[in-house]
Amino acid sequence: MPRLQYTERAEALLQQTVKSCKEYRHEFVTPEHMLECLLKFTIIADIIELYTSATELKKKMTEHLQLLEKIPNDQDYQPELSAQMAMLIEQAYQKVFYSSAEQVDIPHLLHAMLEMEDSWAAYLLKEAIGDNLEAFMSNVITWYEDESLDEDEDNADEMTEEEEGEPHAAWRKLVTCMNDLVDSHNPLIGRETELERTIQVLCRREKNNPLHIGEPGVGKTALVYGLVRRIVDGQVPERLKDSRVYQLDLGSLLAGTQYRGDFENRLKMILEGIRHEQRGIVYLDEIHNIVGAGAIGESSMDAGNMLKPYLEQGDIRFIGSTTYEEYNKYFSRSKGLVRRFQQIDILEPSVSETVEILKQLRPKYEEFHGVVYEDEALTWAVEASAKHISDRFLPDKAIDLIDEAGAAMEIRKAEDGVKVVDKQLITEILAKTCKVEAMAVKEDDSERLSTLQANLGAQIYGQDEAIRQVVEAVQMSKAGLTDDDKPLASLLFVGPTGVGKTEVARVLARELGIELVRFDMSEYTEKHAVAKLIGSPAGYVGYEDGGLLTDAIRKTPNCVLLLDEIEKAHSDIYNILLQVMDYARLTDNKGRKADFRNVVLLMTSNAGAQYAAQASIGFSGNVSRGEAMLRQVKKTFKPEFLNRLSGTVVFNDMDRHMATLILRKKLNQLQEKLTAKKVEMELTDEAFELLLKEGFTREYGAREMDRIIAQRLKPLMMRELLFGELKNGGKALVAIENGQLQVTVK
């Protein structure tokens, strides 16, 4: 077996063992000398305290050593290793060799000692530990395997029981002292009421444990750091002065636990260590995790039940924090824990409060990023995040925005040497990180909106009134004259088929530079199919998939949402849309909200189209087709549905002038495809009139035009392109011969 090296702490232990033997004037160095030295190490003493009194064990060890025969003081000698000590070291060597370790460490020596037979040290140690041998060794290995453990073992013989609370105590490895970190965190701004209530609860005689409940990002952890800052500055009542706040991380407690009882041992060691300090406060972030943590099988012994005695005694104060959702789901199940905590609600700060928070945080972020934040940028960051980011909370989402903007500006080259974060940069960051690409709809893009009506009119023919209503609804929201908690617009398009209802939605999305999200409502005719939009209820197939509509809006919160042919859907769909049009919110099957505040909601309907043709018959012959359809719409849809619409837009029937413009548009679209093939198409007036005559019908609108072009004109061009004279391009003239369209190549 090759010669192995000792770690520094193992070398120090052996030196202490020999030194102890000489002090007792014993002839041989024994395992008992080593155990007495080990008991002076804080780590070993802390671990043994979990099972028995380390002081009592040390006393027994000392009594045994004092009974051994001593060398007279006048004789000079050098102690030798006893046979048992030599065997102990040999076994420690074997453990290192077979475990592929590099050096002999204290756990190897201690493990070898426990395996000794006929050893007084092994007997006393086993008696103290009882049946917890595996757990004991697991704890020893856990503490010593961390190379960052910086114990001054050379001076271990000078440590006394009273010094166990000093910073070298082993339990400190698994907690974070927030007093030491308070300078590196953002200062607490505001929250005076919540902070005073927290201090008041901590000063109670019983049940002195505050529980902060609030949404993620509202500042629960910041509030605790605010308390720590007051403690450090001495601005607290006498009862809390000189307190130390320790953050307990259950994740690191559970990490590396191999044996049953490891977790409980660690937790107990920490709590006993903090209780020994007398002024310790434990902060449990995500406190709901303690319910069930460390429980095995059906056992009820989890971290929560282990905390109860300490909560009851009041020696240690606990501060917990969690969200409403997780409190209701996990924490509230443990009635014993709930009654020992005092609930303090941490509400989301208002926009004005958040602006003040950002202004006071500004110096830290300016120094970190090397930039300058304008006042307007900070205010806009708060207002924009409050308006556009719906699934997170102030002040966290606003702080994220200015931090991201600072990082973006940091990597840019400044023109005049000063890097300034302005409102425009905040807008860019918001567009990139939060998918708010349709800032054109609500913010500084008036130029695009001013030409919106002309641009729509150039692509949609004969529906000027419909276009005017759509554009006005969008411009109204831009001007800020609509409610903030409603969609940008909620419009119902009514008219016969083929007059441009769906086309308006497509063109509007394209002109605003946002996405078109389309749902064909004929797919939702069944009652159970409606559930697909918001997700199936719990216990039903498809629950895990979520809702199609809510997921689509969460993915693209700025869009034109088109619900096509809505009258074909089941009537339950209208109940879902009521809250969308009223509060711009829709909750899916898992309780998550989708935000519709930046959505243009368009619905199309052919309801009453069959009655439109009868509009001019009888005594009421002066009623237009659109008005006749509108009457039928009022019968088809519920009053509360119609009442929540921004407007109902009636589309005109197709007339000859409209048909002429549409035919030209369709022919131009065909010409674009032919241009790619290097073909130029020209129609004679007679050919154009033939297509117009056959394609113009009031009943079928523009779609009949598509069919006529597809049936009469495109086959002729296709044959010439594939087999005729237009293979390599050319100029085609479409004319009429014998009442039929003919193509001749010039």
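Helices, taken as DSSP runs of H or I with at least four residues, and strands, taken as E runs of at least two, are numbered from the N terminus. On this basis the protein chain, which is a predicted model, contains 34 helices and 22 strands. The chain has 746 residues, 49% of which count as buried. Its accessible surface comes to about 37,000 Å², and carbon and sulfur atoms account for 47% of that area. Among contacts with a separation of 6 or more, 74% are between residues 24 or more positions apart.

One open sheet is built from six strands, with mixed pairing and the order β5-β7-β8-β9-β6-β10. The edge positions are taken by β5 (175-177) and β10 (342-345); each has a single partner strand, so one side of each is left without a neighbour in the sheet. From one strand to the next, the twist averages 25°. At the β5 edge, β5 and β7 (residues 244-248) run antiparallel and are joined by three bridges. Within this pair of strands, Thr-176 stands opposite Gln-247 of β7.

Two helices are placed against the six-stranded sheet. Helix α10 (residues 192-202) packs on the sheet and touches β6 (210-213), β8 (280-285), β9 (317-322) and β10. The direction of α10 makes about 175° with that of β10. Helix α11 (residues 220-233) lies across β6, β7, β8 and β9, and runs at about 165° to β8.

A further open sheet has three strands in the order β20-β21-β22, again with mixed pairing. Here β20 (679-683) and β22 (740-745) stand at the edges with a single partner strand each, so one side of each is left without a neighbour in the sheet. The twist averages 25° from one strand to the next. The mixed character of the sheet can be followed pair by pair. Strands β20 and β21 pair in the parallel sense over five bridges, whereas β21 (residues 730-737) and β22 pair in the antiparallel sense over six bridges. In the parallel pair, Met-681 has Ala-732 of β21 as its bridge partner. In the antiparallel pair, Leu-733 stands opposite Thr-744 of β22, and Ile-736 has Leu-741 of β22 as its bridge partner. The connection between β21 and β22 is a hairpin with two residues between the strands. In this turn, Asn-738 has a positive phi of about 55°. Helix α33 (residues 685-695) lies across β20, β21 and β22, and runs at about 65° to β21.

Helix α24 was examined individually. This helix comprises 15 residues (464-478) and reaches 21 Å from its first C-alpha to its last, close to the 21 Å expected at 1.5 Å a residue. Its buried residues, taken as those under 20% relative accessible area, are Ala-466, Ile-467, Val-470, Val-471, Ala-473, Val-474 and Ser-477. Seen down the axis of α24, these buried residues fall within an arc of 155°, so they line one face of the helix. An α-helix has 3.6 residues a turn, so residues three or four places apart point the same way.

Technical notes. Residues are numbered from 1 along each chain as its sequence is written. This is a predicted model: local features need pLDDT of at least 70, side-chain atom pairs count only at pLDDT 80 or more; totals for chains, interfaces and linings use all residues. Side-chain values use heavy atoms; hydrogens and water are left out. The expected span of a helix is 1.5 Å times one less than its number of residues. Buried means under 20% relative accessible area, exposed over 50%, partly exposed in between (1.4 Å probe, protein chains only). The arc is that of the directions from the helix axis to the C-beta atoms. Contact means heavy atoms within 4.5 Å. Accessible areas come from the Shrake-Rupley method with a 1.4 Å probe; for residues, only the protein chains shown count as cover. Two strands pair if DSSP finds at least two bridges between them. Axes are lines fitted to C-alpha atoms, for helices over the stretch in contact, and angles run from 0 to 180 degrees between N-to-C directions.
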